[in-house]
Amino acid sequence: MKDDEPQLIERYTPNERSNHWITAICFILLALSGLAMFHPAMSWLYAVLGGGQWTRILHPFIGVVMFVSFLILALRFWHHNYLDKDDIQWMKQMGDVLNNREDRLPEIGRYNAGQKLLFFVMVICLVLLLLTGIVMWRRYFSAYFPIEIIRLSSLVHAAVAFVLICGIIIHIYAAIWVKGSIGAMTRGYVTWGWARKHHPRWFRESIK
Ligand code: HEM
């Protein structure tokens, strides 16, 4: 390595990255096709999956793929997302977080409290979307449920999808906002500087 090249730490393995991007691609397809079915004002989005009929056929299958892919991702990262007392302190200092005064915050490990909370929001949303989605899946399952349950499921499915879409918008915004994070999920590596600034405890543990 040349002297002026930054030193790097691996943050995500190739398998973890493929797993994440399969989940993300499924999410984009599901959000767009779901919005198409949600309201006629967005029906132009049917084009994403090749028209109305294809959307109704493909959306639930892509949903199952996203759930399975996310399940593997969530099991991989579960143990990194336990909240501890430093995370509670981090949340209390939201002013310092938003003003980039990272030096005043408790030492952050692999993920900060915001990332951890969003992780569990994702977990809850994905489980609810799967359960309500199965009830609404007319071709295979709806016949087993009374109409009231199917109606309730449609409502919950739409509300939870709204929460997840907002959550993922925050996730993407944060990924772009914290320069160097996208590179972690595309190339797999972060610089020592990035790690020391944003995740100092994880940095110390990684270079041991
Ligand atoms: C669609 C665009 C998306 C982009 C640009 C994106 C970007 C990123 C980036 C840069 C990271 C690394 C953050 C870090 O290491 O500090 C990350 C982590 C992660 N992403 Fe995404 N992501 C996207 C969609 C999704 C979706 C749809 C899901 C799940 C439904 C998801 C779940 C996760 C999880 C679980 C992590 C690990 C964080 C943790 O365990 O707390 N991402 N993402």
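**Figure 1. Order of elements in the predicted model.** From the N terminus on, the elements of the protein run β-α-α-α-α-α-α-α-β-α-α. The model is predicted. Its secondary structure comes to 9 helices and 2 strands. The C-alpha trace spans about 60 × 40 × 30 Å along its principal axes. The protein has 208 residues, and 36% of them count as buried. Take the contacts between residues at least 6 apart in sequence: 67% of these join residues at least 24 apart.

**Figure 2. The iron atom of the ligand and its two histidines.** His 20 and His 171 coordinate the iron atom of the ligand. Each histidine does so through NE2, at 2.0 Å. His 20 lies in helix H1, residues 14–38, and His 171 lies in helix H6, residues 147–177, so the pair ties together parts that are 151 residues apart in sequence. There are 6 donor atoms around the iron atom of the ligand. These donors subtend angles of 85 to 180°, which makes the arrangement octahedral. For six octahedral donors, the ideal angles at a metal are 90 or 180 degrees. The two histidines can also be described by accessibility. His 20 counts as buried because its relative accessibility is 14%, under the 20% cut-off. His 171 is partly exposed, with a relative accessible area of 32%.

**Figure 3. Met 185 beside His 20.** Met 185 has its place in helix H7, residues 181–186. The residue is buried: the relative accessible area of Met 185 is 10%. Leaving aside neighbours within four places in sequence, Met 185 is in contact with Tyr 12, Arg 17, His 20 and Trp 21. One of these, His 20, is a ligand of the iron atom seen in Figure 2. Ala 175 is 10 residues away from Met 185 in sequence. In space, the C-alpha atoms of Met 185 and Ala 175 are 9.4 Å apart.

**Figure 4. The crossing of helices H3 and H5.** Helix H3 covers residues 85–92, and helix H5 covers residues 113–136. Their axes come within 9 Å and cross at roughly 105°. That makes H3 roughly perpendicular to H5. H3 brings Asp 87, Trp 90 and Met 91 to the meeting point. H5 brings Ala 113, Gly 114, Lys 116 and Leu 117. By class, the contact has 4 nonpolar, 1 polar and 2 charged residues.

**Figure 5. Asp 87 in helix H3.** Asp 87 lies in helix H3. Is Asp 87 buried or exposed? At 6% relative accessibility, Asp 87 counts as buried. With neighbours within four places in sequence left aside, Asp 87 is in contact with Tyr 82, Asn 112, Ala 113 and Lys 116. Ala 113 and Lys 116 are among the H5 residues of the crossing in Figure 4.

**Figure 6. The loop between H4 and H5.** Two residues of this loop are shown, Asn 100 and Leu 105. The loop follows helix H4, residues 94–98, and leads to H5. Asn 100 has a positive phi of about 60°, although Asn 100 is not a glycine. Its relative accessible area is 48%, so Asn 100 is partly exposed. Leu 105 counts as buried, at 10% relative accessibility. Which residues does Leu 105 touch, not counting residues up to four places away in sequence? They are Trp 90, Gln 93, Asp 96 and Val 97. Trp 90 is also one of the H3 residues that meet H5. Leu 105 and Gln 93 are 12 residues apart in sequence, and their C-alpha atoms are 7.2 Å apart in space.

**Figure 7. Val 127 and Val 163.** Val 127 is in helix H5. At 35% relative accessibility, Val 127 counts as partly exposed. Val 127 and Leu 71 are 56 residues apart in sequence, but 9.3 Å apart in space, C-alpha to C-alpha. Val 163 lies in helix H6. Val 163 is partly exposed, with a relative accessible area of 42%. Not counting residues up to four places away in sequence, Val 163 touches Val 121 and Cys 125. Phe 38 is 125 residues from Val 163 along the chain, and the two C-alpha atoms are separated by 15 Å.

Conventions. Residues numbered from 1 in each chain as written. Predicted model: local features only at pLDDT ≥ 70, side-chain atom pairs only at ≥ 80, totals over all residues. Heavy atoms only, no water. Donors = N, O, S within 2.8 Å, 3.2 Å for Na, K, Ca; no water. Tetrahedral: all angles 85-135°; square planar, octahedral: opposite > 155°, others 65-115°. Buried < 20%, exposed > 50% of the residue type's maximum accessible area, 1.4 Å probe, protein only. Axes fitted to C-alpha atoms, helices over the stretch in contact; angles between N-to-C directions. Parallel < 35°, antiparallel > 145°, perpendicular 65-115°, else oblique. Contact = heavy atoms within 4.5 Å. Nonpolar A, V, L, I, M, F, W, Y, C, P; charged D, E, K, R; others polar.
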